[in-house]
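The following report concerns strand pairing, helix packing and the contact between two chains. Please consult the sequence and the structure shown here.

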Amino acid sequence: MQGNEAAAFGALYAGCTFFAGYPITPSTEVAEVMSVELPKIGGKFIQMEDEIGAMAALIGASLTGVKALTSTSGPGLSLKQENIGYACITEVPCVVFNVMRGGPSTGMPTGPSQSDVMCAKWGTHGDHPAICLVPASVQETYEEVIRAFNLSEKYRTPVMVMPDEIVAHMRERIVFPEPGEIEVINRTAPTVAPAQYKPYDTSFGDVPPLAAFGSGYKFHVTGLNKMQDGFPTTKAEIVQAEEERQVRKVEANKADIMKWEEYMVDDADIVVVAFGSTSRSARYAVNVAREQGIKAGMFRLITFWPFPEERLLEISKKVKAFISPEMNLGMCAGVLKGCIEGNAPVLGIFRVDGEPVNPEQIVDKMKEVK
Amino acid sequence: MSFDYDKWIRPGKLPHIWCPGCGHGIVMKGLIRAIDALQLKKENTAIVSGIGCASRLPGYMDCCTLHTAHGRAAAFATGVKMAKPEMDVILVGGDGDGTAIGGNHFIHACRRNIDMTYIIMNNYIYGMTGGQFSPATPTGHKASTTPYGNPDPCFDIAKLAIGAGATFVARGTAYHAAQIDKLIVEAIKHKGFSVVEILDDCPTTYGRRNKYKSVIEMMNRLKEVAVPVKAAEKMTAEQLQGKVLTGVLYKEETKPEYTAEYAKVIERAKAAK
């Protein structure tokens, strides 16, 4: 099965019953599978007039209580940012599956890239939480899409899953979990009577229960800064507290959201920090290097945002160097440098030519480390 | 006994933000009378808007209300209606929100013929941002960004809706207040995408730049230009020069409604499984 197809089936496993999208290479297969599968289970598929409209329909649908998915790629992600911000401030769960292709603008529609990771965090204006997952295999794409829905429902915030084009179009064997084998989380519904309901009632914690439109609860949703009852406000202390809470939902729960793999990191002198398809080259490179007596390891990001700053800082204290191979001009390397307090140099291998980083490049870079 | 508007207004949410003399309040009262006459259920009614003065209307209504991003009301509402077709979905907004930044969503909602009602309050201007010209500002008129007169041709919003495939299109004015609820009742009852354009006024940002001395003068203009469709049938082209048709302009009952069509897709998919 292909990565994009796995994403669609992962979404179905997670209980997704709504898809809104717009055709775009290289993610269209997700939409195609959903158009086949959703009506079979009474779900809804809609192809909207543009990427902005797809993101809007997604949020509208989610407000009726359903789990909703869209898929896109770079140019579409740029357009969706307006309403991704809307989902952040209104705290409406939804999942955005974005296949990374070359950019900026139309770039290389069929070429792989990893250059949307900063867009996942800073693409929409204003302060807001960001969760971004970066799977490296077809199996992991399936599982990370399920996790994306779980995190989105649990924290009432949009979650992005961002494979690069190689992972999205790669075909691998996949083992489907049995129903119940992987936990599926649903948003917390309100327990108070409709008359008492407030959509942002923090007496229930940082993630207040979300009622569904059409379920007996009536409430107001707005993209303006809002009070706990959902109505707009410009009161300084309320706006400050609400903005901080929205970001804190993710920051205070980083341990639950972050996920990574450490491969031969324990005794490593050189640690390759990689994600997506690049991590496959990195793993191979680490194996080759070990055979040649180089103590190399790999730190593989599975969650890109929030970034595992603390763990990388810890590792930085005992390594000679980090290597950051990525299909962009140093986005991950920049974030890495920002959290390791200068403890070790970060050597970059940055490709934006539509070709993957190959293992030889990584091994060669290891040999530059003194 | 006078009509009780308060039962549809959210407690504590008035006064509204609209300027004295603005027609949006007249439209909101018309909408309230309409949904009251139809006995819609508050919990089952979604009122969706974009950005602008008119788009603040949902906040005052005691229903499921969704104040979205600029121009996107139709797209958000489409998501709500698709996911929960049993809900009554009403869109409200202004001319700039609906036909400029939201033009694409507007025409595609018309094309799909999805069962929702869109009330467009056309005051010919972007009011909230201080009076810039919109796609509905008449050519030659003044706005804060057309100080020498508007060079742009304008949309006929009702014709745009008909051309794009809406199956119920009506036009009223803020002057003809008693007609507004009747048009909205018909629009909501219609199975398909319904558009009700209400010609409105913005004395603050449009009227004063275009030599209207008072709100009354603006209201009188609406009275003068409006010609009911029936009356227009007996008038010559010359007599209709500068007039605007009001009433139900278009009604088509054979075009399939979108959510009903999608229900058939579900049936076909289940049968093929």
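Glu261(A) has Arg300(A) in β10(A) as its bridge partner. This is a predicted model, in which local features need pLDDT of at least 70, side-chain atom pairs count only at pLDDT 80 or more, and totals for chains, interfaces and linings use all residues. Residues are numbered from 1 along each chain as its sequence is written, while chains are lettered from A and ligands numbered from 1 in the order in which they are written.

Two strand pairings are listed below; strands pair if DSSP finds at least two bridges between them. Helices (H or I, at least four residues) and strands (E, at least two) are DSSP runs, numbered from the N terminus.

| Strands | Sense | Bridges |
|---|---|---|
| β8(A) and β10(A) (residues 296-301) | antiparallel | four bridges |
| β7(A) and β2(B) (residues 64-67) | parallel | three bridges |

An open sheet of five strands in chain A follows the order β8-β10-β9-β12-β13, with mixed pairing. Its edge strands, β8 (260-263) and β13 (346-350) of chain A, each pair on one side only. Helix α10 (residues 277-291) of chain A packs on the sheet, and its direction makes about 165° with that of β10(A). Axes are lines fitted to C-alpha atoms, for helices over the stretch in contact, and angles run from 0 to 180 degrees between N-to-C directions.

Between the chains, 35 residues of chain A are in contact with 34 residues of chain B (C-beta atoms, placed from the backbone, within 7 Å). On the side of chain A that touches chain B, α3(A) gives the most, with eight residues.

Methods
Two residues are in contact if their C-beta atoms, placed from the backbone, lie within 7 Å.
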